[in-house]
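Trainee: I'm new to this one. Could you show me how to read a few features in it?
Mentor: Sure, let's take a look together.

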Amino acid sequence: MSDALVMGPPARRQTRQAVLLALGTASALGLARFAYGLFLPAMRDELHWSLAEAGAMSTANGLGYLLGALVTAVVVRRLGTAATFRWGMVLTALSLAVTATSDAYPVLVAARAGAGAAGAAVFITGGVIASRLAARAASGTPITVYFAGTGLGIVLGGVGIPPLGDRLHLAWAGLGVAAGLAALLSWGPARAGEDPETDRKAQAGRETRAAGRVHVRPLWGIALAYLLFAAGYITYMTFLSAYLADRHAPLGQVVLTWTALGLAVMASPALWSRPTAAWPGTRALAVLLGLLSSGAALAMAAPAPPVVLASAIVYGATFMGVPAAVTALIKANTPPADWTAILAAFTTIFAAGQTAGPWLAGLVADHTSTTATLAWTAILCAAAAVVAALAAPTRRAGAAPAEKTRDVESSTRQ
């Protein structure tokens with residue numbers, strides 16, 4: 001039974017807040033990162049790019065994401081968690097709007113990098129707020145709901161972008177408007193998981209430990225699995241539409257595939273909230289990665305539309321469960337005061353992986369075919385599953401078991 005079915009009124013309130021907070025991942029990930037895969041076939045044809053050049057555009061987004069991950073903890077110490085989330089949302093919308101203004105490669109690279117940097121700030125701070133909501137609700141549902149918001153952005157992209165064909169500027173402008181609306185709607189809920197005392201200390205600069213300390217070594221196995229996942233998963237999302245275009249997939253199939261993928265992401269909390277919270281150790285993470293690898297391999301097995309659709313559904317139902325599972329493991333094995341810093345460190349590791357992945361996979365695909373990008377995802381995610389299955393996180397002093405996290409959160413000043 002899903003956590004959502006057994007929650008009392010306080011937990012339901014925290015989950016409702018997480019639903020609006022999930023507009024952060026819808027914008028920063030669904031619109032600003034993954035929707036690019038829908039643009040790739042038309043941009044490759046219109047702008048005469050190679051697959052390596054097209055992959056480098058995702059690499060620029062990844063480099064921006066890496067920079068954002070490195071500076072987010074510093075920004076949080078100065079502005080507070082909620083303010084960093086809010087302004088990250090605003091900058092994400094602006095970056096998408098800038099992408100609509102030019103076809104020049106340097107401008108597009110800069111805009112994609114800016115969207116990545118802003119998206120990292122949203123991803124990290126939103127994850128912290130969702131973790132606090134989950135602690136208050138004594139449920140993992142707010143975390144999985146937050147990450148599942150990515151699916152909404154994917155659905156909007158899948159429904160809105162392919163029908164516009166080569167009207168690239170209009171499509172990018174539409175994404176900018178959608179991201180601006182998401183920033184507006186999530187402005188209030190961003191405060192839901194904030195601690196006013198933390199905010200005052202952060203803004204005054206009197207608490208140098210406001211963002212906490214980094215403890216990655218006890219979680220090194222999880223970090224390695226996350227790195228492999230990051231380098232692998234992004235190539236499927238980047239090149240899926242190119243893979244379909246090379247097989248002359250009709251517009252209806254592209255729209256259906258992306259929409260089904262996004263809806264599967266939105267449904268993933270019902271599937272993974274309880275396993276993420278209740279399964280021991282890294283079991284949930286390993287299972288998610290194994291299914292992810294299988295989903296990518298499925299599309300290679302037979303490019304028939306029903307098989308590709310099944311691949312997209314399996315992929316969508318699992319890939320955003322991975323960062324949710326990693327966040328839950330961090331929450332369970334580290335002190336609450338250190339969540340922001342540790343999430344930032346893991347996001348840096350993640351950013352490094354997803355920066356290299358699309359460009360390297362694009363180089364391989366230029367010398368083979370777009371099928372190589374799916375193989376890349378399947379192999380790296382399978383390796384990550386093995387690493388995760390063997391990982392054994394060491395709980396640090398001050399970390400609370402899941403059932404006690406609610407009490408810890410209410411008594412801890414970060």
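Mentor: Let's start with handedness: a crossing is right-handed if the near helix is turned clockwise from the far one by less than a right angle, and left-handed if anticlockwise. Keep in mind that this is a predicted model. Here, the crossing of H14 and H15 is right-handed.

Trainee: At what angle do helix H14 and helix H15 pack, and how far apart are their axes?
Mentor: Two packed helices are described by the angle between their axes and the distance between those axes. For H14 (residues 321-333) and H15 (residues 339-367), the angle is about 140° and the axes are 10 Å apart.

Trainee: Which residues in H14 and H15 meet?
Mentor: H14 brings Val326, Thr327, Ile330 and Lys331, while H15 brings Trp339, Ile342, Leu343 and Phe346. By class, that contact has six nonpolar residues, one polar and one charged.

Trainee: Now a single residue: is Ser58 buried or exposed?
Mentor: Buried means under 20% relative accessible area. Ser58 has 8%, so it counts as buried. You'll find Ser58 in helix H4, which covers residues 51-79.

Trainee: Which residues does Ser58 touch, leaving out those up to four places away in sequence?
Mentor: Ser58 touches Tyr36, Thr238 and Pro358. With Thr238 there's also a polar contact of 3.3 Å between the side chains.

Trainee: And why does Ile222 count as buried?
Mentor: Because its relative accessibility is 3%. Ile222 sits in helix H10, residues 220-246. Look at Ala391 too: 169 residues away along the chain, yet the C-alpha atoms of Ile222 and Ala391 are separated by 6.3 Å.

Note on methods: Residues numbered from 1 in each chain as written. Predicted model: local features only at pLDDT ≥ 70, side-chain atom pairs only at ≥ 80, totals over all residues. Heavy atoms only, no water. Helix = DSSP H or I, 4+ residues; strand = E, 2+ residues; numbered from the N terminus. Buried < 20%, exposed > 50% of the residue type's maximum accessible area, 1.4 Å probe, protein only. Polar contact = N/O pair within 3.5 Å; in protein donor to acceptor, adjacent residues only side chain to side chain. Contact = heavy atoms within 4.5 Å. Axes fitted to C-alpha atoms, helices over the stretch in contact; angles between N-to-C directions. Nonpolar A, V, L, I, M, F, W, Y, C, P; charged D, E, K, R; others polar.
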